[in-house]
Amino acid sequence: MTAILTQPAAAAEALRAGSAVVFPNPYPLTSVVAATAPGVVNTAKGRPADQAVALWLVDDEPWSEFSAALDLDDATRVLVRELLVRERLTLLLPVVSGRAPGWASPATRDGHALVFGACGDPVRPILTDVGHLHVSSANRTGHPPAASAAEARAIFPPDVHVLESADDSPAAGRAATTTLCVGRNRSLTHTRLGAQDRAHGGPEAYLAHLRAGYVT
């Protein structure tokens with residue numbers, strides 16, 4: 001059986017009910033699977049329930065609460081928010097021991113929290129006021145991330161809801177997000193290949209692009 005194709009209102013309802021939902025991302029990113037409980041995301045992906053799952057910080061209020069726990073200077077906190085919103089990256093961010101809110105702990109390992117930032121305009125209203133969200137690439141363990149609703153429905157079991165994309169961007173040419181580690185004084189380190197660095201010709205070229213546009 002295939003996963004359930006759903007509409008925006010039903011997707012929000014499914015999140016509030018504790019189900020996993022697959023969301024499209026703006027081109028050239030692949031889809032993600034999200035839920036209000038990290039174990040639900042992991043179960044949907046067919047991996048151990050206690051595996052680390054990224055935070056999906058869309059609303060200002062949870063971002064403000066979380067960012068206060070970051071072991072970063074103010075200028076770097078501003079940079080982090082810009083990279084999450086404008087570049088739609090996944091970021092590894094240092095947290096002060098014992099200061100992060102409890103809902104951030106499933107994303108935190110070895111003193112760093114994994115945070116996801118991509119959110120297309122059609123998806124944003126769905127995620128408002130549904131609680132703290134955890135997110136991962138829309139794939140089952142060992143398989144590439146889904147690039148379309150049709151791929152997601154074929155990958156995930158029937159208790160997972162799949163939201164179809166509202167735009168006509170192609171499925172071909174998509175990839176998961178690039179991941180960077182951010183440190184004090186706006187230092188950036190590339191940690192995982194993805195769509196953003198590929199579009200700029202590789203990690204070093206992409207880091208140079210970011211430093212020119214955001215740091216200098």
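What follows is a walk through the overall build of the protein chain, and then a look at strand S3 and its neighbours. The model is a predicted one.

Starting with the big picture, the protein chain folds into eight helices and 11 strands. Its radius of gyration comes out at 16 Å, close to the 17 Å that the globule rule gives for 216 residues, so the chain is as compact as a globular protein of that length. Measured out along the principal axes, the box filled by the C-alpha atoms is roughly 50 × 40 × 30 Å. Half the story is on the inside: buried residues account for 50% of the 216. As for who touches whom, take the contacts with a separation of 6 or more; 65% of these link residues 24 or more positions apart.

On the outside, about 9800 Å² of the protein chain is exposed, with carbon and sulfur atoms supplying 53% of that area. The charged side chains number 18 positive and 21 negative, and the centres of these two sets sit 4 Å apart.

Now to strand S3, which covers residues 32-35. Val32 and Ala34 point one way from this strand, Val33 and Ala35 point the other way, and all of them are buried. S3 has an antiparallel pairing with strand S2 (residues 21-23), made over three bridges. Within that pairing, Phe23 has Val32 of S3 as its bridge partner. S3 also pairs with strand S8 (residues 133-137), again in the antiparallel sense, over four bridges. Here Val33 stands opposite Ser136 of S8.

Notes
Residues numbered from 1 in each chain as written. Predicted model: local features only at pLDDT ≥ 70, side-chain atom pairs only at ≥ 80, totals over all residues. Heavy atoms only, no water. Helix = DSSP H or I, 4+ residues; strand = E, 2+ residues; numbered from the N terminus. Rg over C-alpha atoms; globule rule 2.2 N^0.38 Å. Buried < 20%, exposed > 50% of the residue type's maximum accessible area, 1.4 Å probe, protein only. Contact = heavy atoms within 4.5 Å. Areas by Shrake-Rupley, 256 points an atom, 1.4 Å probe, with all protein chains shown as cover. Lys, Arg positive; Asp, Glu negative; His and termini not counted. Charge placed at Lys NZ, Arg CZ, Asp CG, Glu CD. Pairing = 2+ DSSP bridges.
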